[in-house]
There are 2 protein chains.
Amino acid sequence: MIKKPVHINGANMKLVIDPEMTLADVLRGQLHLTGTKVSCDKAQCGACNVIMNGKLIFSCVTKMKHVPDDAVITTVEGIGTPDSMHALQLAFVKHGAAQCGFCTPGFIVSGKALLDETLTPTRVEVRDWFQKHKNVCRCTGYKPIVDAVMDAAKLVRGEITVQDLSFKMPEDGKIWGTDYPRPSAVGKTTGTLDYGGDFGIKMPPGTLHLKLVQAQVSHANILSIDTSEAEKMPGVYKVVTHKDVKGKNRITGLITFPTNKGDGWDRPILCDEKVFQFGDALAIVCADTDEHAKDAVAKVQVELEVLPAYMSAPAAMAPDAIEIHPGTPNVYFRQGIIKGEDTTPLMEQADVVVAAENLYVGRQPHLPIESDVAVAYYDDKGNVQIMSKSIGLELHALMIGPGLGLDAGKNLFLSQFPGVGGTFGYKFSPTIEALVGAATMATGLPCFLNLDYYQQITYTGKRSPFFVDLKFGATKEGKIIAMESNWVVDHGPYSEFGDLLTRRGAQFIGAGYGIANIRGAGYTVATNHAWGSAFRAYGSPQSLFASETLMDMLAVKLDMDPLELRYLNAYRPGDTLPSGQVPEVYSMTQLIDIIRPKYQLALKAARIHSTPEKRRGVGVSVGVYGCGLDGPDGAEVWAELLQDGRVQVSTNWEDHGQGADMGLLATSHETLRSMGIKPEQIKLVMNDMNLAPAGGPAGGSRSQFVVGNAVVNGCRQLVNALKKDDGTYMTYDEAVAKGVPTKYIGQWNTAFADATACDVDTGQGRPFVSYMYGVFLAEVEVDTKTGKVQVVKMTLAADVGSIANKTVLDGQMYGGIAQGIGLALTENFEDLKKHRDMLSCGIPYIKDVPDDIEIIYLDSPRDLGPYGASGTGELPLTAPHAAIGNAIYNACGVRILQLPALPEKVLAGLQGKEIPVVTRSIKDPMFV
Amino acid sequence: MIKKPVHINGANMKLVIDPEMTLADVLRGQLHLTGTKVSCDKAQCGACNVIMNGKLIFSCVTKMKHVPDDAVITTVEGIGTPDSMHALQLAFVKHGAAQCGFCTPGFIVSGKALLDETLTPTRVEVRDWFQKHKNVCRCTGYKPIVDAVMDAAKLVRGEITVQDLSFKMPEDGKIWGTDYPRPSAVGKTTGTLDYGGDFGIKMPPGTLHLKLVQAQVSHANILSIDTSEAEKMPGVYKVVTHKDVKGKNRITGLITFPTNKGDGWDRPILCDEKVFQFGDALAIVCADTDEHAKDAVAKVQVELEVLPAYMSAPAAMAPDAIEIHPGTPNVYFRQGIIKGEDTTPLMEQADVVVAAENLYVGRQPHLPIESDVAVAYYDDKGNVQIMSKSIGLELHALMIGPGLGLDAGKNLFLSQFPGVGGTFGYKFSPTIEALVGAATMATGLPCFLNLDYYQQITYTGKRSPFFVDLKFGATKEGKIIAMESNWVVDHGPYSEFGDLLTRRGAQFIGAGYGIANIRGAGYTVATNHAWGSAFRAYGSPQSLFASETLMDMLAVKLDMDPLELRYLNAYRPGDTLPSGQVPEVYSMTQLIDIIRPKYQLALKAARIHSTPEKRRGVGVSVGVYGCGLDGPDGAEVWAELLQDGRVQVSTNWEDHGQGADMGLLATSHETLRSMGIKPEQIKLVMNDMNLAPAGGPAGGSRSQFVVGNAVVNGCRQLVNALKKDDGTYMTYDEAVAKGVPTKYIGQWNTAFADATACDVDTGQGRPFVSYMYGVFLAEVEVDTKTGKVQVVKMTLAADVGSIANKTVLDGQMYGGIAQGIGLALTENFEDLKKHRDMLSCGIPYIKDVPDDIEIIYLDSPRDLGPYGASGTGELPLTAPHAAIGNAIYNACGVRILQLPALPEKVLAGLQGKEIPVVTRSIKDPMFV
């Protein structure tokens with residue numbers, strides 16, 4: 001230990017510290033200045049930025065021995081407070097520049113350091129600054145952040161006022177559809193909102209710190225786990241293994257389809273008989289400090305019999321592959337699609353047939369800036385409480401309850417941390433909840449587990465790659481008359497939702513077009529690579545990459561303009577979706593009409609700007625996704641008049657940065673404002689099974705649509721009940737006096753709108769009752785020397801129904817498109833040795849994403865939606881990567897069939913060499 | 001555990017908490033919002049005040065189960081920050097309303113709650129508010145706090161500006177003698193300065209939390225200590241007993257006088273053979289959390305053989321009393337005084353003789369708002385580092401080193417916490433340092449021990465009561481010609497400094513007057529009551545109470561005005577102090593001249609305002625105290641030009657709220673300003689044995705005088721060395737280029753001014769080379785129904801030499817007088833069963849202290865003092881209680897010979913009943 005004098009946020013301090021600890025650890029762990037976040041822990045992301053002696057630094061890699069004596073340090077807490085916000089914080093709120101908010105303090109501090117250098121930065125300089133200082137945001141697509149810094153500089157320069165950055169209430173008092181700032185924005189921009197890691201630090205004394213003992217191989221039989229040496233280590237309370245788990249020690253996906261050859265109980269909480277993938281949890285060390293837990297992890301002795309690891313679907317499908325889950329074949333589910341006439345004769349009749357094999361979208365890692373984190377404790381009633389980033393509280397309680405030996409909602413309750421960093425779907429699966437629950441049950445004590453970023457990458461689920469073979473038969477005019485598809489889903493070792501994901505292939509390959517006749521089948525394959533969890537747009541990026549790439553190839557073959565080919569085939573009255581469902585609106589042609597002039601301008605610009613070294617190109621794609629869980633899908637909301645005149649609206653509309661608080665507030669307010677309720681009079685009670693009813697998981701762009709409808713239902717009941725004959729509304733006291741109930745239960749279900757699940761053989765059904773539609777326009781520049789692709793501009797014409805909140809919506813679109821750029825060009829988690837951190841996994845930095853992103857919304861209210869809204873979040877990641885792929889082809893003639901379009905692949909294409917691909921020989925794997 | 005949503009300082013939070021924990025524990029322990037302090041832990045002091053839902057509350061007794069959901073809580077951190085201070089914080093800085101600063105956040109928060117109710121409070125309303133809300137300050141005498149609140153209200157009302165509350169630099173750039181705010185004021189008023197308890201909370205993970213196993217009896221033989229059950233308790237790392245202490249397991253006072261019958265090695269670190277007093281430390285539980293440590297304390301089994309407890313000097317002096325320290329008599333030291341002629345014949349010749357027996361000042365408890373606290377750790381070089389409230393770093397390292405088996409300054413280093421709450425002298429003894437040191441050495445780990453307030457009261461030393469028999473012989477004109485004195489010091493069980501304290505009786509009984517002939521002796525007695533530690537004005541309040549009370553009795557006997565009697569006897573050229581020393585100035589008559597008109601007005605006012613129910617009275621006393629450690633006493637200071645042009649001034653001038661930082665800055669600056677150095681260019685390095693040289697302990701009003709002289713010496717060397725021929729000064733680079741050293745060692749010692757220790761038989765010597773002088777005027781009102789005494793006004797004419805800083809000085813005077821009021825009327829620690837907390841120990845609340853306190857300073861520069869300064873801190877507590885006692889007599893004719901003058905004693909006097917007193921029969925206890 002050494003003692004060090006420092007000046008932090010104006011306070012003169014002395015600190016006793018371990019010189020080997022980092023400044024971030026000391027700020028957070030010792031001072032509880034948790035505004036400073038830690039993510040990558042290796043100076044790749046800037047979440048930990050603080051200013052030291054006038055210089056922006058990464059506190060996560062700055063060891064205390066390198067902090068000079070008397071260092072003057074500023075953290076986000078020293079820049080402004082909720083009651084006294086800095087210009088940057090005000091501007092970030094205004095522009096929705098904080099979505100999940102986890103990277104925000106780093107950006108605010110980085111922005112402050114920039115403004116300390118110059119008060120007149122240009123947009124390019126702002127972007128250069130954040131690039132240079134490696135500030136990464138995974139939610140916003142960066143544009144709102146640049147907007148905010150530009151406005152903050154204006155405010156500091158005195159060119160605008162605080163009022164200009166504040167919300168202006170319209171005269172009608174309506175916030176629906178405005179840029180009302182999300183309630184959590186102040187906490188996010190001031191660093192005062194506690195995320196899981198912050199929350200864990202602030203748990204009661206005696207809370208145990210957990211560290212995982214994880215498998216370092218991908219497939220093995222477990223011979224023994226010896227914890228005795230580890231349990232003797234200082235500070236260790238217990239090492240928990242599968243023997244300590246009180247229930248079935250399994251996590252179940254709950255809805256395993258009947259034709260699935262597995263039983264759905266294949267995912268252990270703590271591995272008992274086998275290791276199924278690298279990073280699988282074998283034991284949990286519970287100690288008084290992180291360090292003590294870490295020290296003891298190395299002392300747990302695990303004896304394994306290593307088995308052959310099947311690191312891709314083709315490997316696991318090989319005839320000699322052993323069963324990963326003994327008793328269940330590695331190919332364990334088939335989803336067919338049979339729509340319209342038999343396609344075999346139609347293909348023969350077609351003027352043109354185009355086909356491609358093994359169209360492939362990589363194993364995209366979610367790369368949230370916040371890694372996974374959870375706490376568990378016994379509450380005062382003896383129930384197990386688990387807090388996490390879960391975006392499906394009730395669902396997860398049901399999924400982990402049997403494994404722990406607990407009953408969801410009876411003695412097991414889940415809730416979210418106050419702040420939840422982005423999940424982008426990976427928290428649709430309970431990744432960590434069962435572990436902390438098991439530890440608390442084994443020790444009786446509160447437990448806290450925060451994965452480090454390498455664990456985040458290796459322990460949480462990933463987007464499952466599809467191998468798609470696809471064939472279109474079309475008329476010479478370009479009308480597609482038949483589609484044949486075959487797709488294989490590499491779902492990793494755990495079957496949870498694997499069948500559901502496979503069904504998405506039936507629903508979204510070829511979506512956007514009125515294809516009357518389809519035949520095909522998809523297969524789910526167990527492998528030893530990363531287990532498949534949900535990822536934004538779940539299944540559609542894989543499906544639409546195949547059909548939108550093939551659509552471009554068809555245009556080439558027909559020598560047609562690819563946009564016009566799409567226009568010709570786009571949904572029109574009489575057409576149906578691949579599921580046979582009639583679209584609820586026919587906006588695709590309108591969206592193409594919106595894009596067309598921009599597309600033509602882009603083609604011109606590409607021609608003008610292209611040089612032999614830098615080839616410009618333009619590509620388009622269509623995107624479609626459904627709002628909901630596939631089939632019947634409901635939510636419940638409570639609306640209650642409080643004694644103080646406020647209305648409390650309660651539901652579990654989980655937030656992971658997408659703006660659940662804003663959605664709930666806007667939707668509630670729109671219903672309640674007729675009785676004079678102002679936004680500040682609405683108390684939101686959210687995301688806690690103890691306090692609020694089930695809204696259902698926050699995934700599949702369902703919440704605004706499904707939960708929103710329940711909100712309207714509940715609030716409307718309240719308004720109607722309180723309305724007096726003279727048109728005014730009862731007070732709480734009046735209602736109580738008259739015996740009028742003050743609390744109402746709002747409910748809504750897609751089944752009310754005749755949703756049905758799709759058939760397992762035909763894929764036909766009415767899985768979603770509202771969809772999002774979009775058309776993507778990508779403009780790229782290909783460096784012919786290196787093969788490196790730079791996206792110059794992205795345009796999206798979007799139909800998401802009516803708009804609940806413009807700022808939140810814009811943020812969703814920008815952020816989804818940025819992830820699409822990553823998916824197209826850089827993001828991957830194929831090579832366990834190589835893909836170990838944010839940088840090597842290919843996360844897009846600010847200059848990987850164009851500042852020029854244009855979103856045009858079609859005013860297209862949905863009859864079934866709350867105030868016309870549909871969903872939003874998945875749309876921007878449905879097909880932007882396909883547009884980029886098509887733009888690459890347009891730029892340089894290289895057709896990339898397997899993403900990401902890494903420079904070496906493009907370069908190989910440019911050089912006329914073979915582009916390396918992963919192939920599979922077995923086409924109908926159920927019948928090997 | 002329960003989960004609770006709360007809003008703290010604008011942040012929306014959820015907290016998992018134990019519902020039985022207090023809000024203060026959660027704010028501090030979980031959130032590290034350590035601006036909120038905890039002291040009494042029972043709603044007696046307001047240090048823990050926070051505002052909850054608009055109401056001021058005691059967070060120390062507010063259990064979390066009683067904090068409503070969604071409570072809106074404001075702590076000091078939410079009121080203002082160092083970079084954005086609230087009006088109250090600015091005004092507290094301006095008025096020196098934060099001395100030690102430990103109570104300050106509570107006062108700021110309380111003041112905020114008041115201003116939230118009214119922006120136009122009167123002084124009376126401000127005092128009523130703090131009385132009602134029980135805000136206790138032990139340093140300031142409250143007046144500066146009321147001043148500050150009044151000004152803060154003015155600022156909020158817009159009647160004054162921030163500039164009005166800011167320091168205005170005089171044109172000559174001189175801060176010496178001004179109201180320049182002390183450097184630590186901002187940290188104290190914003191709650192950002194870390195005191196020991198805060199520091200402990202912010203120690204590295206893995207720091208052990210210590211709890212003491214303490215004796216519940218006052219005297220016993222230890223048969224066994226069994227730690228085995230305790231060591232099995234959860235979270236317990238080790239239970240440390242005397243067996244684990246590596247050295248002699250004793251604390252030594254170092255300077256045990258040769259004639260002391262003990263060897264000075266009587267004080268154990270951890271008791272081994274005997275328990276000597278209630279609360280003695282038997283073992284230390286070291287655990288991961290406070291709770292775990294506390295739980296295990298109860299499991300330590302201690303087997304004792306209880307012995308008779310001698311709870312006062314008379315009891316321990318009884319012939320049948322056993323030796324508390326076997327081998328050493330209970331009466332173990334004698335200090336004689338022989339000055340001038342034999343007094344026996346003089347007494348016979350005297351016109352008037354007046355005498356009193358057993359004049360007694362009670363066992364005053366220090367009652368700092370901050371209880372004792374320390375941390376220890378091994379540094380990176382393997383040295384033991386101990387941080388505490390020590391006000392004698394090098395001294396304490398030497399005192400505890402042998403006991404721990406360490407060498408001070410070699411492998412043992414002490415330093416102060418950044419913030420140190422008031423000690424008022426109790427930290428002249430190392431109370432807790434050895435315990436944490438032993439624990440760290442036994443475990444190898446950082447250790448943290450914070451006493452609770454009951455432990456503070458029972459484990460730390462107290463002012464040692466004197467039993468004084470005193471006789472004056474005087475002429476009929478009132479000139480005292482002889483004094484005979486006999487005093488017995490109840491020093492508790494530990495001899496440390498007991499001889500030194502006893503010598504104070506020889507030095508200060510009768511001080512202030514030119515008494516040529518004195519005979520007498522004082523005795524130090526070991527008892528089983530609280531061990532004697534230093535307390536402000538050390539020895540003089542006991543001594544001067546005796547002589548100033550007897551002086552009043554002499555005036556009565558002579559029918560003289562008591563002020564004029566004092567004037568007649570006051571030091572004039574030719575007179576000497578009781579030690580035979582010639583006073584360095586003769587200011588006592590001037591001080592009486594200053595007081596006289598005020599005294600006469602007071603007498604008139606008393607006559608006018610007296611009623612049969614409320615009798616007013618006026619009393620006076622003189623006070624004298626020396627500056628220094630008694631005999632030779634030195635300090636070292638380093639002055640160093642830094643490369644950036646600043647000057648670093650380093651010394652261990654320990655701060656316990658008295659303003660060491662301000663003293664060092666003002667004195668340094670006054671020397672350095674000739675070379676153009678501004679205050680902000682002086683870097684103070686203080687109170688860390690690792691970094692700065694010994695300034696000597698911060699006690700005995702020595703620091704400004706002794707250390708100050710060393711500061712001048714060091715800084716002057718620097719100035720002289722850097723001065724160029726043209727009258728300008730070299731830069732750092734110039735000095736280096738010319739080979740002129742940039743660092744100078746300043747030294748000073750009272751031996752340079754011929755200080756000598758007093759003789760053990762005669763008490764004659766030259767113990768101090770500078771003194772403080774004062775005259776106290778007390779105006780009181782006695783409630784004749786209850787006997788309760790209220791001090792209406794206190795006036796002090798003070799000669800402290802030149803003034804270094806007016807604000808700091810005023811605060812010292814007000815605060816000392818307030819403690820004098822407590823000493824006179826309420827403060828006590830006699831009854832272990834009764835005196836258990838601040839309230840029952842009689843700490844003065846704001847309305848126990850008059851708002852009307854007037855201090856008049858005599859401009860009386862000292863030739864030997866730095867820029868004319870003498871000392872300051874002890875003066876106001878030398879004799880205010882005597883003036884109050886005399887005023888009581890003046891009001892109602894009741895003479896209180898033993899303090900405190902509790903209502904029941906005064907009432908007994910008023911009713912003509914016997915006033916209960918403690919007596920002793922043995923007058924010359926060394927020769928029983």
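Trainee: What makes β14, β22, β21, β20 and β15 of chain B an open sheet?

Mentor: In this predicted model, those five strands line up in the order β14-β22-β21-β20-β15 with mixed pairing. Look at the ends: β14 (331-339) and β15 (352-360) of chain B each pair on one side only, and they are the edge strands. From one strand to the next, the twist averages 10°.

Trainee: How do you know that β20 and β21 of chain B are paired?

Mentor: Count the bridges. Pairing takes at least two bridges, and β20 (residues 466-474) has nine with β21 (residues 480-490), so these chain B strands pass. They run antiparallel, and A474(B) faces I480(B) in β21(B).

Trainee: Which strands does helix α17 of chain B lie across?

Mentor: Helix α17(B), residues 540-558, lies across β15, β20 and β21 of chain B, at about 145° to β15(B).

Trainee: Now chain A. Why are β26 and β27 of chain A said to stand at the edges?

Mentor: The open sheet there has four strands in the order β26-β25-β24-β27, again with mixed pairing. β26 (682-686) and β27 (743-749) of chain A have a single partner strand each, so one side of each lacks a neighbour in the sheet. Neighbouring strands of this sheet are turned by 20° against each other on average, if you ignore direction.

Trainee: How many bridges join β24 and β25 of chain A?

Mentor: Four, and the two strands, β24 (residues 634-641) and β25 (residues 647-651) of chain A, run antiparallel. With a cut-off of at least two, they therefore count as a pair. You can spot L641(A) opposite V647(A) in β25(A).

Trainee: Which helices go with that sheet?

Mentor: Helix α20 (residues 660-672) of chain A packs on the sheet, touching β25 and β26 of chain A, and makes about 135° with β26(A). Then there's helix α21 (residues 703-722) of chain A, which lies across β24, β25 and β27 of chain A at about 145° to β27(A).

Trainee: Why is K847(A) with D128(A) called a salt bridge?

Mentor: The closest N and O atoms are 2.5 Å apart. The rule asks for a Lys or Arg side-chain nitrogen within 4 Å of an Asp or Glu carboxyl oxygen, so this pair qualifies. K847(A) sits in the loop between α23 (806-825) and β30 (853-857) of chain A, while D128(A) is in helix α5 (residues 123-132) of chain A, so the pair ties together parts 719 residues apart in sequence. Over all chains, the search finds 102 salt bridges.

Trainee: How many salt bridges cross the interface of chain B and chain A?

Mentor: Four. K3(B) forms a salt bridge with D688(A), where the closest N and O atoms are 3.0 Å apart. That is within 4 Å, so the name fits.

Trainee: What else joins the two chains?

Mentor: There are 19 residue pairs in polar contact, both at pLDDT 80 or more. On the side of chain B that touches chain A, β2(B) gives the most, with seven residues. By class, that side has 24 nonpolar, 16 polar and eleven charged residues.

Trainee: How much area do chain B and chain A bury between them?

Mentor: About 3800 Å², with 57% of it on carbon and sulfur atoms. M1(B), K3(B) and K14(B) supply 17% of what chain B buries against chain A, more than any other three residues. The contact takes 51 residues from chain B and 51 residues from chain A.

Definitions and conventions: Residues are numbered from 1 along each chain as its sequence is written. Chains are lettered from A and ligands numbered from 1 in the order in which they are written. This is a predicted model: local features need pLDDT of at least 70, side-chain atom pairs count only at pLDDT 80 or more; totals for chains, interfaces and linings use all residues. Side-chain values use heavy atoms; hydrogens and water are left out. Contact means heavy atoms within 4.5 Å. Buried area is the accessible area (1.4 Å probe) that two parts lose on being put together, summed over both. A polar contact is a pair of N or O atoms within 3.5 Å; within protein, one must be able to donate a hydrogen and the other to accept it, and residues adjacent in sequence count only if both atoms are side-chain atoms. Ala, Val, Leu, Ile, Met, Phe, Trp, Tyr, Cys and Pro count as nonpolar, Asp, Glu, Lys and Arg as charged, and the others, Gly among them, as polar. Axes are lines fitted to C-alpha atoms, for helices over the stretch in contact, and angles run from 0 to 180 degrees between N-to-C directions.
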